[in-house]
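Student: Got a minute to go through a structure with me? I'd like the overall picture and then some residue details.

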Amino acid sequence: MGHRHDDICGLLLHYLKEEHKVKKGRELEGTKWSVGSLRATEIPQQKNGSDCGVFACKYADYIAKGSPLTFKQCHMPIFRKVMIWEILNQKLL
């Protein structure tokens with residue numbers, strides 16, 4: 001939302017560790033994770049109040065693939081269509 005929030009990233013990692021313990025019954029290997037946030041000028045910015053979920057999914061998608069965060073607001077309609085197809089077909093593209 002325009003600011004760095006390293007504290008929030010730490011809380012999210014804590015949540016993931018707790019959720020993993022509850023769901024999987026074992027500790028999440030946290031030493032392989034790095035926690036940090038980027039400046040707003042370093043990442044794609046949402047320009048409306050309705051694409052936050054798509055942005056969050058695409059951040060995760062690009063980061064998991066090791067790809068640079070090069071998408072923009074104008075890509076959201078196609079991302080939504082691809083996500084719908086993936087959900088309906090239970091297959092990631």
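Tutor: Sure, we can go from the overall fold to the core, the salt bridges and the surface.

Student: How far can I trust the coordinates, and what's the mean pLDDT?

Tutor: This is a predicted model. The mean pLDDT is 89, and 96% of the residues reach 70 or more.

Student: Which element has the lowest mean pLDDT, and which the highest?

Tutor: H1 has the lowest at 88, while H3 has the highest at 97.

Student: OK, how many helices and strands are there?

Tutor: Three helices and zero strands, so to speak an α-α-α run from the N terminus on. The C-alpha trace spans about 40 × 35 × 25 Å along its principal axes.

Student: And what share of the residues is buried?

Tutor: Buried residues make up 17% of the 93 in the protein. About 7500 Å² is exposed, and carbon and sulfur atoms supply 60% of that.

Student: Which residues form the largest nonpolar core?

Tutor: There are six: Val 54, Phe 55, Tyr 62, Phe 71, Met 76 and Phe 79. H2 and helix H3 (76-89) each supply at least two of them, and H2 gives the largest share, with three residues.

Student: Why would side chains like that end up together?

Tutor: In soluble globular proteins, nonpolar side chains tend to be buried together.

Student: What does Phe 79 touch, leaving out residues up to four places away in sequence?

Tutor: Phe 79 touches Val 54, Lys 58, Tyr 62 and Phe 71.

Student: Wait, a lysine in that list? Is Lys 58 buried or exposed?

Tutor: Lys 58 counts as buried, because its relative accessibility is 11% and the cut-off for buried is under 20%. Lys 58 sits in helix H2 (residues 52-65). With residues up to four places away left out, Lys 58 touches Phe 71 and Phe 79.

Student: Switching to charges: how many salt bridges does the structure hold?

Tutor: Seven. One of them pairs Arg 80 with Asp 51, and the closest N and O atoms there are 2.6 Å apart.

Student: Where do Arg 80 and Asp 51 lie?

Tutor: Arg 80 lies in helix H3 and Asp 51 in the loop between H1 and H2, so this pair ties together parts that are 29 residues apart in sequence. Arg 80 is partly exposed at 35% relative accessibility, whereas Asp 51 is buried at 5%.

Student: Which residues are joined into a network by salt bridges that share partners?

Tutor: Glu 18, Lys 21 and Glu 27 form one network that way. In the bridge between Glu 27 and Lys 21, the closest N and O atoms are 3.5 Å apart. Glu 27 is exposed, with a relative accessible area of 57%, and Lys 21 is partly exposed at 35%.

Student: What about Lys 23, what does it bridge to?

Tutor: Lys 23 pairs with Glu 19, with the closest N and O atoms 3.3 Å apart. The two are four residues apart in helix H1, so about one helical turn separates them. Lys 23 is exposed at 61% relative accessibility, and Glu 19 is partly exposed at 29%.

Student: Last one: which residues form a nonpolar patch on the surface?

Tutor: Ile 8, Leu 11 and Leu 12, with about 290 Å² of accessible area together. Ile 8 lies in helix H1 (residues 6-24) and is partly exposed, with a relative accessible area of 39%.

Technical notes. Residues numbered from 1 in each chain as written. Predicted model: local features only at pLDDT ≥ 70, side-chain atom pairs only at ≥ 80, totals over all residues. Heavy atoms only, no water. Patch = residues over 30% accessible without salt bridge, like charges linked within 9 Å, V, L, I, M, F, W, Y side chains within 5 Å. Areas by Shrake-Rupley, 256 points an atom, 1.4 Å probe, with all protein chains shown as cover. Salt bridge = Lys/Arg side-chain N within 4 Å of Asp/Glu carboxyl O. Buried < 20%, exposed > 50% of the residue type's maximum accessible area, 1.4 Å probe, protein only. Contact = heavy atoms within 4.5 Å. Core = buried A, V, L, I, M, F, W, Y, C linked by side-chain atoms within 4.5 Å. pLDDT = per-residue confidence, 0-100.
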